[in-house]
Structure formats: structure tokens, C-alpha cells
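Biologist: Could you take me through one part of this model in detail, and then relate it to the other local features that deserve a careful look?

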Amino acid sequence: STNTQIYSNRLTGMKSHQNVPDGTAAISVEGSTGFAIFNNFVQTTGEGIAFGITLRQSASAILHFNSVSTCNTDVQGRSSSLLMEECGYMQARNNILSVAESGIPISLDIPTPTLDFDHNDYYSFDGTIALCNGTRYHSIADWSSAVGMDATSLSVIPFFTSDSDLSINQALLNNTAVPVAGIAFDIDGMPRDPSFPDYGAKEYQPCAADAGINAVTSPQNPLPGGVQTVT
């Protein structure tokens with residue numbers, strides 16, 4: 001197909017299944033051009049391989065302002081918030097690709113990527129950023145250097161409201177995205193900030209006085225016991 005739009009959907013509880021060895025997907029596009037995927041909530045669950053968005057043998061597309069939470073348990077670690085195979089040029093801005101259990105935020109199987117990705121948030125519980133042609137990356141700097149994109153992307157926990165409500169509660173994603181022509185509203189039809197929108201499908205209004213903990217860096221497991229300094 002060509003010129004298809006997939007937008008403003010809440011696809012939650014998309015369940016993996018152990019009888020589907022290649023994995024299930026909430027949004028799957030194959031052999032298409034000129035499509036747009038934006039302003040979607042996507043959440044996976046279950047105990048098998050699952051993908052938030054899969055794109056195969058497709059090109060000339062845009063992916064903007066999507067919030068994807070991979071919550072399924074996958075002992076193989078093959079699940080991914082975004083899987084791309086044999087794809088041509090695509091542009092992606094202001095997406096949140098988050099892995100809560102096991103998997104990879106973005107996985108590419110493209111010999112020579114011709115992609116335009118930037119201002120995205122890649123987060124996983126174990127610090128994995130991406131997998132590209134068999135190589136795993138654990139920092140935005142290494143990932144950006146290897147593929148020549150995502151120079152200003154982030155890797156921060158989005159603090160989703162719940163597994164199914166992917167509204168963010170992360171101040172670092174507030175007013176730090178970039179405007180995208182033609183996408184002036186969020187998933188609920190609320191206006192996006194014309195100059196400094198938020199990452200993900202839903203615009204976020206933080207508290208006037210906003211403080212919180214993004215990470216506990218020490219102590220680390222296994223805990224030795226006794227009095228410890230928490231950093």
C-alpha cells in the first residue's frame with residue numbers, strides 16, 4: 001500500500017504468544033511506501049516474543065511522536081519496541097521506545113541504513129540502546145557514531161503512568177522535542193507546543209515545582225548489608 005496513515009491509536013495489552021515463534025506485533029507494515037505512523041500508544045505483554053512496531057521491506061515513511069512500551073517477558077531477548085528489516089529511507093522524530101522487561105528499544109537488520117532518526121528516547125532496563133546488524137549498543141554516543149544519526153537523542157526512563165497509560169512523567173522529555181510539520185495535536189487532540197513539543201504521543205504538563213529521582217546509582221546488587229550511602 002501507499003500513503004497510509006496510522007495515528008491516535010491506543011494499542012495496549014498486545015499479547016505475545018509462545019506458539020508464534022517469530023513474534024507478534026501491534027503494528028506491522030510490509031512492502032509499503034509513503035506511510036505515516038504517529039501519535040500512538042503501543043504496549044506489549046505476555047510471555048513470548050513481541051514487537052511494538054515492525055517495518056519490513058518498506059520505505060519513504062515517517063514515524064513521529066509514538067510511545068511504545070515493551071512489557072512482555074521474553075527469555076530470548078528478541079523483542080523490540082521497533083523492528084526494521086530490509087527498509088529504505090525513513091524519518092523518525094520524538095518517539096519513546098521503552099523496554100520494561102527484556103528486549104531492545106530499536107532493532108535494525110539493514111545492511112547500509114539510510115535513515116533520518118533524531119530526537120528519540122531509547123530506554124531499556126539493562127541500558128541497551130539498539131541492535132544493528134548483530135551489534136548491540138549501550139550508549140547513545142556509540143549508537144550515533146555507528147549509524148550516523150540520533151545525535152541528539154536521549155536514553156531516559158519515561159516514567160509512564162502505568163503499563164497501559166503511556167502518558168509520561170519525565171521532566172527531561174518535557175518541551176525538549178522538535179516540531180514536526182503537519183502534526184499540531186497529540187493523541188487526544190490537544191495542541192502541541194508549536195516550538196517545544198514533548199516526546200511521545202501525549203503532551204505533558206509537569207508540576208510547577210518538579211523534582212524527582214531518575215536513577216539510583218549506588219548501592220548496587222548484591223547489597224552487602226549494613227549502613228549504605230544512597231546516591
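Modeller: Phe-159 counts as partly exposed, its relative accessibility being 28%, where buried means under 20% relative accessible area, exposed over 50% and partly exposed in between (1.4 Å probe, protein chains only). The residue belongs to the segment after helix 1, with helices (H or I, at least four residues) and strands (E, at least two) taken as DSSP runs numbered from the N terminus. Its C-alpha atom is separated by 8.9 Å from that of Asn-214, although Phe-159 and Asn-214 are 55 residues apart along the chain.

This is a predicted model, in which local features need pLDDT of at least 70 and side-chain atom pairs count only at pLDDT 80 or more, while totals for chains, interfaces and linings use all residues. Numbering runs from 1 along each chain as its sequence is written, and side-chain values rest on heavy atoms, with hydrogens and water left out.

The segment after helix 1 that holds Phe-159 is also the place of Pro-219 and of Pro-222. Both prolines take part in cis peptide bonds: one joins Ser-218 and Pro-219, with omega about 0°, and another runs from Asn-221 to Pro-222, where omega is near 0°.

Helix 1 itself spans residues 140-147, and its buried residues are Ile-140, Trp-143, Ser-144 and Val-147. Because these residues cover an arc of only 95° around the axis, they lie on the same side of helix 1; the arc is that of the directions from the helix axis to the C-beta atoms. On the face turned away from that buried side, helix 1 carries the exposed residues Ala-141 and Ser-145.

Turning to aromatic contacts, a search of the whole structure finds two aromatic pairs, a pair requiring ring centres of Phe, Tyr or Trp (its six-membered ring) within 6.5 Å, with planes under 30 degrees apart counted as stacked, over 60 as edge-to-face and the rest as tilted. One of them joins Tyr-7 and Phe-38, whose ring centres are 5.0 Å apart and whose planes stand at 0°, so this pair is stacked. Since Tyr-7 sits in strand 1 (residues 5-7) and Phe-38 in strand 4 (residues 36-38), the pair ties together parts that are 31 residues apart in sequence. As for accessibility, Tyr-7 is partly exposed, with a relative accessible area of 42%, whereas Phe-38 is buried, with a value of 11%.

The backbone offers two further places to inspect, Asn-3 and Ser-60. Asn-3, although not a glycine, has a positive phi of about 55°; this residue is found in the segment before strand 1, and with a relative accessibility of 62% Asn-3 counts as exposed. Ser-60 is likewise not a glycine and has a positive phi of about 55°. Its setting is the loop between strand 6 (50-56) and strand 7 (61-64), and at 47% relative accessibility Ser-60 counts as partly exposed.

To return to the starting point, Phe-159 is thus a partly exposed residue in the segment after helix 1, with the C-alpha atom of Asn-214 at a separation of 8.9 Å from its own.
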